[in-house]
Amino acid sequence: MSSEELIRQDDVTIRFVGDSGDGMQLTGSQFTDTTAKVGNDLATFPDFPSEIRAPAGTRAGVSGFQIHFSSHDIYTPGDAPSVLVAMNPAALITNYKDLKPGGIILVNTGAFTERDLERAELKTNPLEDGTLAGYRVIQEDINQRTIEALEGTDLGKKDVLRCKNFYTLGMMYWLFSRPLEPTLEWLQAKFKNKPGLADANSRALKAGYNHGELLRLFQGRYEVPKVEDAPKGYYRNIMGNEALAIGLVVGSELAGLKPFLGSYPITPATDILQYMSLMKNYDVITCQMEDEIAGICTAIGASFAGRMGITTTSGPGLALKTEALGLAVITELPLVVVDVQRAGPSTGLPTKVEQADLLQSVFGRNSEAPLPVLACSCPADAFDCAVEAVRIATQYMTPVILLSDNYIANGSEPWKLPDMDKLERFPVEFVTDPEGFTPYNRDAKLARGWAKPGTPGLRHRIGGLEKDSKTGAVSHDPDNHQIMVSLRQEKVQGVADSIPTPEVNGPDKGELLVVAWGSTYGATRAACERLQKEGRTVGHLHMRHLWPFPHGLREIFKGYDRIIVPELNMGQLARLLTSEYPEFKFEKYNKVKGKPFQAFELKAHFEKILEEKS
Amino acid sequence: MSEIQQLKPKDYKSDQEVRWCPGCGDYSIINGVQSILADIGVAKENVVMVSGIGCSSRFPYYMDTYGFHGIHGRANAIATGVKVANPDLDVWVITGDGDGLSIGGNHMIHSLRRNVNLKIILFNNEIYGLTKGQYSPTSPFGLKTKTTPYGSVDNPFNPVQLALGAGATFVARTLDVSPKHMKETLAAAAAHKGAAFVEVWQNCVIFNDGAYKEWTDKAVRDEKTINIAKGEKMIFGKDNDKGLKSEGFHISVCSPEEASVWDPCVESPGPAFVMSQLDLDPSMPRPMGVFRQVSRPTLDELVADQVSSVTSKKGMGKLKDLIYTPDVWEVK
């Protein structure tokens with residue numbers, strides 16, 4: 001079959017799996033970058049173990065990268081892959097069941113020795129024992145092919161074999177007719193000072209591509225045309241954590257502030273600290289502190305001094321920051337706390353997804369300590385939410401918790417870049433006038449004034465002890481405490497006045513409303529749109545602001561026969577909604593497996609509900 | 001509107017009523033701080049007092065400066081944020097033996113090793129006062145308190161040694177009953193560029209009265225303590241009739257003529273550590289004064305320098321470049 005006869009596919013999901021040391025994340029990200037440049041819409045999700053290097057060849061050491069790309073708008077990294085690339089037996093055995101029936105499995109037989117099978121705890125060879133019946137299995141000794149392709153180079157055998165992921169990538173580029181140039185250019189830049197490696201990997205990539213053609217391994221070759229109706233504008237591929245880092249810096253500048261990040265490394269939030277540490281020439285200060293508590297406390301101190309205090313963490317770290325969050329609440333200082341959620345409790349599954357820190361964020365502090373909580377829904381949305389978190393924190397003089405999760409943090413998708421001229425500024429005005437100044441003078445939104453140390457005439461003391469609502473002095477007066485508790489609550493509730501009512505995707509009246517939040521956006525949207533196409537009146541309401549709730553929800557809820565809340569927890573948003581809107585019944589649909597929802601499983605569940613009704 | 005014109009100690013007092021127990025050693029410390037700030041002539045708006053939790057930590061409320069009363073143990077972390085965010089501010093940490101060495105021990109050692117330009121005053125009364133009389137990490141072995149009714153079985157920290165071990169660039173000790181020594185020591189701390197750690201022996205009249213009496217009582221103080229001053233012979237005794245001689249790891253009592261000259265500025269923390277070991281020997285006087293004073297770049301200036309050097313190398317970042325990176329593509 002020649003390369004001219006391309007089979008059109010509109011929607012493909014590939015999963016690359018191999019040992020942690022096989023370079024699957026790199027292979028996946030190269031395929032992603034090239035695919036973005038071709039003009040497909042895409043979404044990706046890496047899935048790697050929490051051990052940096054589990055013993056080679058074992059099931060615990062399997063690392064994967066899934067990419068879903070398409071000629072139309074897509075929302076998720078794909079449900080079941082149609083192509084699985086498995087670099088060893090452990091990777092094959094732990095992943096083949098996810099594949100679509102009849103899907104293609106490309107196996108590196110070079111890694112199927114007795115010893116390899118033993119490491120993967122396999123008594124028989126899955127390539128021979130019928131395990132893979134029902135799939136199109138393509139066996140190729142990629143190790144040997146790579147060695148042949150690199151004959152004559154002066155690399156040692158070990159280094160030669162490390163190029164096998166580029167050989168594999170070359171085969172996939174051929175199969176899905178992608179250009180080699182972006183990766184070739186990337187290799188040249190990456191190994192600028194090691195031309196031998198640049199050359200070897202480039203040769204491996206080209207060899208894989210050419211062999212795809214020559215060896216006739218595949219029964220056809222595919223094209224996935226670019227998205228034709230994508231909104232005009234500029235795009236780049238972005239991962240959630242990077243989008244958050246950029247958003248926090250941009251948000252700070254829109255507030256007229258310089259950012260200060262005090263943080264402590266924790267999976268899966270660490271990248272944000274790493275990205276922001278590179279942004280020193282944007283007047284960004286980052287301090288990697290001795291622990292989570294120091295991370296938030298330095299940020300609080302920096303906010304007091306007039307910078308935009310930020311701290312980034314994951315669930316266990318948020319727990320440690322709890323007391324300091326209360327301090328930020330009572331001192332009414334702006335602070336953005338990013339919680340990139342992971343599966344818990346405790347250390348839990350540190351590299352897996354869960355959205356179970358919602359109640360911790362809304363309520364998890366001693367006493368009455370309300371603060372706004374928002375959540376981003378996808379990597380591109382993370383940018384907007386970071387800016388929004390800074391806006392709320394500075395406009396309302398309050399700590400804000402922004403929830404992301406592991407799925408958004410490490411997932412990627414094309415981001416339609418904002419028009420720089422249209423980014424709305426919300427400049428902070430520091431108090432400078434001593435006339436009538438007290439630290440708890442409030443504006444119409446009930447936000448107190450922000451007076452920076454160093455400003456003449458505005459000396460004041462703040463702290464964890466309750467303060468007199470008028471003078472700002474320490475006060476143990478019972479009535480004053482009631483006033484201050486109520487004021488803080490009213491202020492946070494007032495944030496709702498500054499946020500729009502979210503829009504329902506789909507009909508505004510009908511059989512079913514799906515209320516979701518965070519990273520379940522893609523799967524929920526895909527499931528609802530498929531049902532809408534089948535004529536069902538299903539609406540999807542995706543919540544960005546989780547505390548306080550936006551105005552207008554009650555009117556939305558009234559329009560539907562039933563309301564369901566799918567969540568990757570045991571029903572936390574459903575619980576909040578039930579307490580705030582007791583007149584409605586919020587049905588739960590929950591999963592806590594460290595895995596995201598898949599569109600088909602949501603659709604199946606919604607269908608079941610619709611059938612029950614009729 | 002300048003506030004730098006000939007300030008007096010009382011100008012640094014806030015309008016808040018001071019609520020320490022009558023006779024508390026804290027009064028002497030706040031007087032010392034107000035007095036040296038006036039001497040230096042620091043503009044009140046440039047001073048930030050940061051504290052944690054405990055009796056001592058009410059301190060910021062009593063000062064007419066900027067102040068931040070934090071949470072238990074975290075004063076050093078909050079102060080680090082303030083100082084790094086604005087290095088022009090004069091940032092003081094007010095803490096105690098429980099706040100700074102127990103719950104906040106971690107932040108203490110890290111702010112010392114980082115050499116954040118903070119003036120840290122550790123009020124050491126060897127007891128938990130605000131919670132009404134439990135033993136602290138500096139309470140002596142065997143001390144009977146409400147939580148150690150049969151005597152404490154915990155070995156105490158020696159704050160000076162802890163600070164030296166953490167790599168502090170300035171370590172000193174002074175005592176509440178000697179306002180003159182207190183002023184000298186606080187002034188030296190204020191003049192130091194870098195983390196300045198000052199342990200103050202502070203008497204808690206209610207829960208641990210007389211903890212330091214053995215050394216600080218007027219009748220015995222000259223015999224039981226020695227002022228170690230930079231460049232001066234180490235001489236003590238009521239009639240200045242004794243000296244300390246330092247030979248390697250050993251310090252012994254000698255005649256005033258034979259006394260060694262104290263130098264806290266040597267690069268090695270060794271001599272300071274040997275000096276702090278005198279605390280373990282009941283026959284020796286307890287050293288008071290500056291144990292160590294060396295110069296190292298501060299965290300706040302290193303952070304600021306790095307921001308400016310990266311900026312001068314890469315140019316001031318424009319938001320557009322952060323968003324519109326070279327891998328952008330256009331959909332037309």
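Hi everyone, let's start with how chain A is connected: among its contacts with a separation of 6 or more, 76% join residues 24 or more positions apart. Please keep in mind that this is a predicted model.

Now for the overall picture. Chain A has 20 helices and 23 strands. Its C-alpha atoms fill a box of roughly 85 × 65 × 50 Å along the principal axes. The radius of gyration of chain A is 27 Å, which agrees with the value near 25 Å for a compact globule of 614 residues. Buried residues make up 54% of the 614 residues in this chain.

So what sits inside? In soluble globular proteins, nonpolar side chains tend to be buried together. Here, the largest nonpolar core has 247 residues, and among those with the most contacts inside it are Ile300(A), Leu402(A), Val50(B) and Phe197(B). Helix α14 of chain A, residues 379–396, gives the largest share of this core, eleven residues. There is also a second, separate core of five residues, including Tyr128(B) and Phe207(B).

Let's look at Phe197(B) for a moment. Leaving out residues up to four places away in sequence, Phe197(B) touches Leu112(B), Ile120(B), Leu122(B), Ala163(B), Ala168(B), Phe170(B) and Val171(B).

Last, a pair of helices in chain A. How do α6 (residues 164–175) and α8 (residues 195–214) pack? Their axes are 6 Å apart, at an angle of about 40°, so α6(A) and α8(A) are oblique to each other. The crossing of α6(A) past α8(A) is right-handed. Residues making the contact include Phe166(A) and Trp174(A) of α6(A), with Leu205(A) and Tyr209(A) of α8(A).

Thanks for listening!

Note on methods: Residues numbered from 1 in each chain as written. Chains lettered and ligands numbered in written order. Predicted model: local features only at pLDDT ≥ 70, side-chain atom pairs only at ≥ 80, totals over all residues. Helix = DSSP H or I, 4+ residues; strand = E, 2+ residues; numbered from the N terminus. Rg over C-alpha atoms; globule rule 2.2 N^0.38 Å. Buried ≥ 20, exposed ≤ 12 C-beta atoms within 10 Å, placed from the backbone. Contact = placed C-beta atoms within 7 Å. Core = buried A, V, L, I, M, F, W, Y, C linked by C-beta atoms within 7 Å. Axes fitted to C-alpha atoms, helices over the stretch in contact; angles between N-to-C directions. Parallel < 35°, antiparallel > 145°, perpendicular 65-115°, else oblique. Left-handed = near helix turned anticlockwise from the far one by under 90°.
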